[in-house]
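Let's walk through this structure together, starting where its parts meet and ending at its ligand. Keep the 3D view open as you read.

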Amino acid sequence: MELDQLKPETATPRQVRQYLRDKLVVIASNRGPVEFRRVENGIIKPFRGAGGLVSAMSTALTATDAVWISVARTREDVITALAYPKRRIPMPLENPQYFLRFLVTDKREFHLYYNVVSNSVLWYLNHYMLDLTGNPCFDDEFHTAWKEGYRKVNRLFADEIVKEVRAQGKKPLIFLQDYHLYLCASHIRSRLPEALIHHFTHSPWVEPDYLKFLPTGYRREILEGMLSCDVVGFHTRQYAENFLRCCEESDVLHLKVDSKRGMVVRDGRLTFVRHYPISIDHEALEKLAMRPEVELHRKRLRKIAGERKILLRVDRVEPTKNILRGLKAYRLFLRHHPEWHEKVIFFHFLYPSRQELHEYRNLRREIEEEVHSINREFGTLEWDPVYLEIEDNYLRSIAGLMEFDVLVVNPVMDGMNLVAKEGAVLNRKNGIIIISTRAGVWGELKGAAIPVNPLDVMELAEAMRTALRMGERRKKALSRKARQVVESNTSFNWFLQQMRALQRAEKERGKGTVPEEPPVPPLPRYEHFD
Ligand code: F6P
């Protein structure tokens, strides 16, 4: 079957299943869809993984029988896996659509790969948030982390993927996720030359000059890894263009780049560079919103808010999300507009995140202090202007997204931001979304939300006031538009587009097509590394 014949709007999971009947879909990501933990009574329960990748991928895999490989994070992950044949855990447990396999890593290796390289360097690099005055410092500790952690875990992922593909003997479609796995494709390609490999980056991708802050050799490894794929995907055109430019201006590899057609050639192999914004499954979300637990959270929230207007933030405790500037803006809003005192409440429904890193622990403390300070400055016996909850609780967030009058999404930089999309479809009050123009989602929700510069707290304070004072007709028009935009692109479409791109890449591979002439002159060879 040709995937091109399927229209994203009308294609069904059944048709995709038919297409996949002789193929094996393998997803690989650092964090899996769930994490198993022991709760009261000693029972082991699954808890949903945090972040946009999990939101989109879990529902995109409907009826695929895919195998999703991710790192075991708890002892209970390992114990659960051992209870299933071939350690493949059916997911979701109550209505299996795909299988989860855990990769077990050494504790030290995982720390070096996840905390030292991925989250302390690559994450900030991708968000233009390196602290150039002092952090990072590529010292021997970092080089050890790269060699003994990042490289090693990427290789382990590749081993596990190759093992799975060989065991099943079907044609593999491999989907690697995010900055944790930039090197994985190189190791797979050398052992499975025919495999179709797709990599998707869930964060922004920076411009060539910024990428150059990474040590030259590691930059080369990353590009080599990415270009071992048949297709690399990004959320937005801008990130895809940045990637193409990084290839075009590469001082470490000889590359032919066709920017117009989104193609890069390395050693005669072609890689397509594509952009398709990740999304959500609004139907699945609506079903979740019907759960009785969500209703209980809504009641609790309404009781706390009373008649007051509700501002809301739903985020991981994460520096890129810009939570402190959001609070500063709210303080300014309350200072400059005393007429709103007692009439608003700002819910912060946050998730603990990456607590092994001191920046994240400090941020959590600073948020708590800022919240107390605002509540001390403006609060009364009946009113706390900010309500803060830091807890892993998705159903509570859904309740909040149904109830907000104003949703604040002001990241300094964000690959996409699925909270804005979830808010657009779940909200029941024609609520208004304030969005940072540096979030990928702004490209889609432009004209359906209020834009803000993430650094400009005065502008955000004014945006809060504008949203709160907006008339019903305008609110209705904006929120309807936002909902329509989100509903027109589901996470299933997002996944279908990736499969199509792979199919196209396979055809080109068959023809041996490579762009004839490089549009840029060959670059000088870099001779100082290795
Ligand atoms: O969306 C970007 C991302 O890094 C995902 O890869 C990840 O699942 C999510 O954020 C949460 O981060 P972490 O897995 O480090 O908690």
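**Where the two domains meet**

Between domain 1 and domain 2, about 1100 Å² of area is buried, and carbon and sulfur atoms give 58% of it; buried area here is the accessible area (1.4 Å probe) that two parts lose on being put together, summed over both. Please bear in mind that this is a predicted model, in which local features need pLDDT of at least 70, side-chain atom pairs count only at pLDDT 80 or more, and totals for chains, interfaces and linings use all residues. Residues are numbered from 1 along each chain as its sequence is written, and side-chain values use heavy atoms, with hydrogens and water left out.

To find the two parts, colour 3–108 + 150–279 + 493–508 as domain 1 and 292–487 as domain 2; these bounds come from an automatic or database domain assignment. Their C-alpha centres are 31 Å apart. At the interface, 16 residues of domain 1 are in contact with 14 residues of domain 2, contact meaning heavy atoms within 4.5 Å.

One salt bridge is counted between the domains, a term for a side-chain nitrogen of Lys or Arg within 4 Å of a carboxyl oxygen of Asp or Glu. Arg37 and Asp392 form a salt bridge, with their closest N and O atoms 3.2 Å apart.

Now turn to the ligand. Among the residues surrounding it are Arg31, Trp123, Asp178, Tyr179, His180 and Arg354, each with a heavy atom within 4 Å. A polar side-chain atom of Asp178 sits 2.6 Å from a ligand oxygen atom, while for Arg354 such a distance is 2.7 Å. For Tyr179, an N or O atom of the side chain is 3.2 Å from an oxygen atom of the ligand.

Note on methods: Polar contact = N/O pair within 3.5 Å; in protein donor to acceptor, adjacent residues only side chain to side chain.
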